[in-house]
Amino acid sequence: MYTATMRYVFKKESFSRGCAEWKETVFKEAQKAEGLIRMQFLVAEPVALAMGTWREKSDAEAFMRTGVFKKLMEKIATFTETEPKSEIWNLDSFFEK
């Protein structure tokens with residue numbers, strides 16, 4: 001599995017709007033994505049953390065090539081305090097009940 005995160009720091013007055021735009025733009029595209037296992041969006045105002053877990057790195061890369069991130073940034077550029085920060089994670093251990 002391959003997990004990538006993107007951390008967004010929104011302006012306080014734009015937090016709700018930024019989160020709504022993220023969900024509208026990314027979740028819609030993610031539903032069509034090959035190899036997606038799970039897409040999560042965690043919030044702790046003014047920060048949001050998007051987390052996508054994929055079967056393979058190539059699946060995540062294919063999703064990014066759809067232009068979804070560029071489209072999202074066009075919508076939320078004025079809502080953010082800083083540029084979104086991407087991080088890559090490797091699954092070390094897992095428990096699910």
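**Close-up views of a predicted model**

Of the 97 residues of the protein, 37% count as buried. Keep in mind as you look around that this is a predicted model.

**View 1. The whole chain, from one end to the other.** Let's begin with the overall layout. The protein has 3 helices and 4 strands, and starting at the N terminus they follow the order β-α-β-β-α-α-β. The radius of gyration is 13 Å, close to the 13 Å that the globule rule gives for 97 residues, so the protein is as compact as a globular protein of that length. Along its principal axes, the C-alpha trace spans about 35 × 30 × 20 Å. Now think about which parts of the chain touch: among contacts between residues at least 6 apart in sequence, 71% join residues at least 24 apart.

**View 2. The buried side of helix 2.** Which residues of helix 2 are buried? They are Asp-59, Ala-60 and Phe-63, in a helix that runs over residues 57-64. These three cover an arc of only 95 degrees around the axis, which puts them on the same side of helix 2. A handy rule helps here: an α-helix has 3.6 residues a turn, so residues three or four places apart point the same way. What lies over these buried residues includes strand 1 (2-9), strand 2 (36-44) and strand 3 (47-54), along with helix 1 (15-30) and helix 3 (68-76).

**View 3. Glu-21 and its two partners.** Side chains of opposite charge can pair when their charged atoms come close. Glu-21 takes part in a salt bridge with Arg-17, where the closest N and O atoms are 3.5 Å apart. Both residues belong to helix 1 and sit 4 residues apart, about one turn of the helix. Glu-21 also meets the side chain of Lys-75 in a salt bridge, at 3.9 Å from N to O. This second pair links distant parts of the chain, since Glu-21 is in helix 1 and Lys-75 is in helix 3, 54 residues apart. Is Glu-21 buried or exposed? With a relative accessible area of 17%, Glu-21 is buried, because the cut-off for buried is under 20%. Lys-75, in contrast, is partly exposed, at 32%.

**View 4. A salt bridge along helix 1.** Here Lys-28 and Glu-24 form a salt bridge, and their closest N and O atoms are 2.9 Å apart. The two residues are 4 residues apart in helix 1, so about one helical turn separates them. Lys-28 is partly exposed, with a relative accessible area of 45%, and Glu-24 also counts as partly exposed, at 43%.

**View 5. A network of charges.** Which residues are linked in a network of salt bridges? In this view they are Arg-7, Lys-85 and Glu-87. To put the charged pairs in context, a search of the whole structure finds 10 salt bridges.

**View 6. A nonpolar patch on the surface.** We finish on the outside of the protein, which exposes about 6,500 Å², with carbon and sulfur atoms supplying 52% of it. Met-1, Ile-37, Leu-91 and Phe-94 form a nonpolar patch there, and together they have about 410 Å² of accessible area. One of these residues, Ile-37, is found in strand 2. Ile-37 counts as partly exposed, at 41% relative accessibility.

Definitions and conventions
Residues are numbered from 1 along each chain as its sequence is written. This is a predicted model: local features need pLDDT of at least 70, side-chain atom pairs count only at pLDDT 80 or more; totals for chains, interfaces and linings use all residues. Side-chain values use heavy atoms; hydrogens and water are left out. Buried means under 20% relative accessible area, exposed over 50%, partly exposed in between (1.4 Å probe, protein chains only). The arc is that of the directions from the helix axis to the C-beta atoms. Contact means heavy atoms within 4.5 Å. A salt bridge is a side-chain nitrogen of Lys or Arg within 4 Å of a carboxyl oxygen of Asp or Glu. The radius of gyration is taken over C-alpha atoms; the globule rule is 2.2 Å times the number of residues to the power 0.38. Accessible areas come from the Shrake-Rupley method with a 1.4 Å probe; for residues, only the protein chains shown count as cover. Patches are made of residues with over 30% relative accessible area and no salt bridge: like charges are joined within 9 Å, nonpolar side chains (Val, Leu, Ile, Met, Phe, Trp, Tyr) within 5 Å.
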